[in-house]
Amino acid sequence: MMLSLSLLVLMTSSTTTMGFSSSFSQRKIQQITTKRTIIDSTKLYSNDNDEEEMKTLKVNSIDVLNGVVTLPGSKSLSNRCLLLAALSKNGPTKVKNLLDSDDTKYMLQALDQLSIRVDTEKDSDTVVVHGGSGPILSEDKDIELFLGNAGTAMRPLAAALCFSNSDGGKKIVLDGVPRMRERPIADLIDGLQQLGAGVECVKETGCPPVTIHPKKIQGGKNISISGKMSSQFVSSLLMAAPLVDGGEEDIVIEIKDELISAPYVALTINLMKQFGVDVQITSSDNKNDDVDANLGIAESLELALPTPRFTIRGDAQYVSPKEITVEGDASSASYFLAGAAMTKGNVEVKGCGLDSVQGDIEFADVLEQMGANVIRTKDSLAVNGLKEGFTKLKGVDVDCGRIPDAAMTLAAVALFADGPTTIRNVYSWRLKETERMKAIVAECTKLGATVEEFRDYCIITPPEKVKEDVEIDTYDDHRMAMTFGLVACGEQEGLNVIIR
């Protein structure tokens with residue numbers, strides 16, 4: 001949770017110009033201010049062991065949040081960039097604005113174990129990846145990769161490492177923390193086995209560890225998988241598809257039921273295009289063949305829902321773009337925008353905007369629906385108080401299937417809205433770093449809200465007064481830390497919150 005705690009420090013610091021702690025990329029807060037001194041952030045990270053020593057972080061009441069924030073790189077994009085750079089020919093690839101987080105550290109560690117050379121430049125947010133021009137070569141010994149709780153490393157690597165330029169590669173085992181062993185991966189394994197991959201997970205649970213016997217895999221196959229559980233399974237198959245020994249035989253991936261979190265798949269396809277691989281999008285029911293001929297990727301995918309079909313040419317190969325900059329993290333933007341809306345402040349976040357490939361920018365639309373005054377440019381988003389006629393944010397009923405990460409931020413905003421808020425289509429919460437549905441329900445209830453929990457949605461009715469000095473459990477989940485840190489921005493005098 002290092003990134004989350006650093007963002008909390010930045011959001012709650014006294015009036016000053018600050019950068020991230022030295023443990024992080026030097027992302028700068030150009031001017032993020034509050035009307036009270038909240039914490040002495042210098043005591044949080046004086047060395048690499050401080051995170052282990054710190055048990056709680058108290059965030060005191062924030063009257064108003066104002067400032068300009070330059071976002072750190074997107075977590076989803078960071079690990080995708082690293083993997084595609086490792087698979088590309090005509091490199092090396094310089095990756096700029098790489099997020100420094102647990103997920104990227106596990107990916108970099110795995111690439112190092114797999115003998116992919118990655119050089120870190122003087123600025124810690126820039127690396128140079130020396131790709132292997134196709135499948136990552138099997139070592140002459142078995143390899144075990146520990147990936148913590150990093151889903152953005154586990155799923156893509158589980159797919160990519162199945163492919164080899166020859167048969168008979170040594171065994172690769174992917175494993176993680178106990179929670180990772182509870183996170184389903186069976187649908188991805190099923191898709192890979194349909195391709196002919198030598199891969200399996202634990203049959204009884206459908207979860208990691210994942211055992212891989214890399215081999216040469218031919219193209220010319222149609223596979224059908226479920227898209228209901230996680231869009232990462234689809235993204236992982238898409239990114240691995242160009243590694244087939246395909247010649248002219250295409251790979252076709254069909255969604256047999258329903259694709260959730262479609263913007264994340266569009267993000268993947270956009271990135272693949274930057275690395276020289278095109279993905280054709282049609283509908284599995286043939287209602288819109290060649291729908292992507294004259295439309296953008298996101299629009300094409302939207303028309304193909306709920307059961308899109310993806311086709312990747314058998315002769316597709318990743319080609320290094322030489323240099324790529326990771327877009328600012330739209331999920332992180334949600335916290336600062338929400339804080340501004342809750343305190344009627346003025347905050348601009350730079351690094352993602354109208355031109356963003358990330359679905360979480362749509363969280364700004366939700367805030368606008370609640371009454372926030374939202375300003376958009378091609379590379380920035382801002383909240384400047386409330387719209388005319390609004391004195392308080394109002395509760396909403398919204399489908400958050402496209403923005404499941406930012407939807408957590410909405411839970412904190414809902415605690416202070418006028419009327420109940422219904423957060424729908426977020427079953428994927430249950431499969432994340434923790435069981436987020438139950439975690440959201442538990443912590444909102446601690447704060448005094450009435451929360452009704454259903455399979456894939458919840459209804460949050462705010463209390464007349466949010467309870468003060470509540471200790472919030474984060475379940476070792478960075479988004480729980482950031483979400484409930486926002487409670488201190490509530491329009492209530494003396495409202496402090498303690499993040500464990």
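In the predicted model, strand β14 is joined to strand β15 (residues 308-312) by 5 bridges, and the two strands run antiparallel. Within this pair, valine 279 has isoleucine 312 of β15 as its bridge partner. Both strands belong to an open sheet of 4 strands with mixed pairing, ordered β12-β13-β15-β14. The edge positions are taken by β12 (222-225) and β14 (279-283); each has a single partner strand, so one side of each is left without a neighbour in the sheet. On average, and with direction ignored, neighbouring strands of this sheet are turned by 20° against each other.

The protein chain as a whole contains 14 helices and 25 strands. Of its 500 residues, 60% count as buried. The chain exposes about 19200 Å², of which carbon and sulfur atoms supply 44%. Among contacts between residues at least 6 apart in sequence, 76% join residues at least 24 apart.

A second open sheet, also of mixed pairing, has 4 strands in the order β20-β21-β23-β22. Here β20 and β22 (450-453) stand at the edges, each with a single partner strand, so one side of each lacks a neighbour in the sheet. The average turn between neighbouring strands of this sheet is 15°, direction ignored. Strands β21 and β23 (residues 458-461) run antiparallel and are joined by 3 bridges. One residue of β23, isoleucine 460, is the bridge partner of threonine 421. Helix α12 packs on the sheet, touching β20, β21 and β23, and its direction makes about 170° with that of β21. Helix α13 (residues 436-446) also packs on the sheet; α13 touches β22 and β23, and its direction makes about 160° with that of β22.

Arginine 436 lies in helix α13. This residue counts as buried, at 1% relative accessibility. The side chain of arginine 436 makes a polar contact of 2.9 Å with the side chain of glutamate 433. With neighbours within four places in sequence left aside, arginine 436 is in contact with Asp405, Met408, Trp429, Arg430, Asp477, His478 and Arg479.

Helix α11 (residues 363-370) has Phe363, Ala364, Val366, Leu367 and Met370 buried. Viewed down the axis of α11, these buried residues fall within an arc of 155°, so they line one face of the helix. An α-helix has 3.6 residues a turn, so residues three or four places apart point the same way. The packing partners of the buried residues of α11 are the helices α10 (330-343) and α12 (404-414), together with the strands β18 (372-377), β19 (380-386), β20 (397-399) and β21 (421-424). Helix α12, β20 and β21 thus appear both among these partners and in the contacts between α12 and the second sheet. Just after α11, glycine 371 takes a positive phi of about 125°.

In helix α5 (residues 151-160), 10 of the 10 residues are buried, so the helix is largely enclosed by the rest of the structure. The buried residues are Gly151, Thr152, Ala153, Met154, Arg155, Pro156, Leu157, Ala158, Ala159 and Ala160. They pack against the helices α3, α4 (102-113), α6 (186-195) and α7 (231-240), and against the strands β9 (172-175) and β11 (207-212).

One of the helices packed against α5 is α3, and serine 78 lies in this helix, which spans residues 75-86. Serine 78 is buried, with a relative accessible area of 0%. The side chain of serine 78 reaches the backbone oxygen of serine 74 at 2.7 Å. Not counting residues up to four places away in sequence, serine 78 touches Gly73, Leu98, Leu99, Thr104 and Val326.

Leucine 243 is found in the loop between α7 and β13 (251-255). With a relative accessibility of 6%, leucine 243 counts as buried. Residues touched by leucine 243, apart from those up to four places away in sequence, are Leu87, Gly134, Pro135, Ala160 and Phe163. Of these, Ala160 is one of the buried residues of α5. The C-alpha atom of leucine 243 is separated by 8.1 Å from that of isoleucine 217, and the two residues are 26 residues apart along the chain.

Key: Residues numbered from 1 in each chain as written. Predicted model: local features only at pLDDT ≥ 70, side-chain atom pairs only at ≥ 80, totals over all residues. Heavy atoms only, no water. Buried < 20%, exposed > 50% of the residue type's maximum accessible area, 1.4 Å probe, protein only. Arc of directions from axis to C-beta. Contact = heavy atoms within 4.5 Å. Pairing = 2+ DSSP bridges. Axes fitted to C-alpha atoms, helices over the stretch in contact; angles between N-to-C directions. Areas by Shrake-Rupley, 256 points an atom, 1.4 Å probe, with all protein chains shown as cover. Polar contact = N/O pair within 3.5 Å; in protein donor to acceptor, adjacent residues only side chain to side chain.
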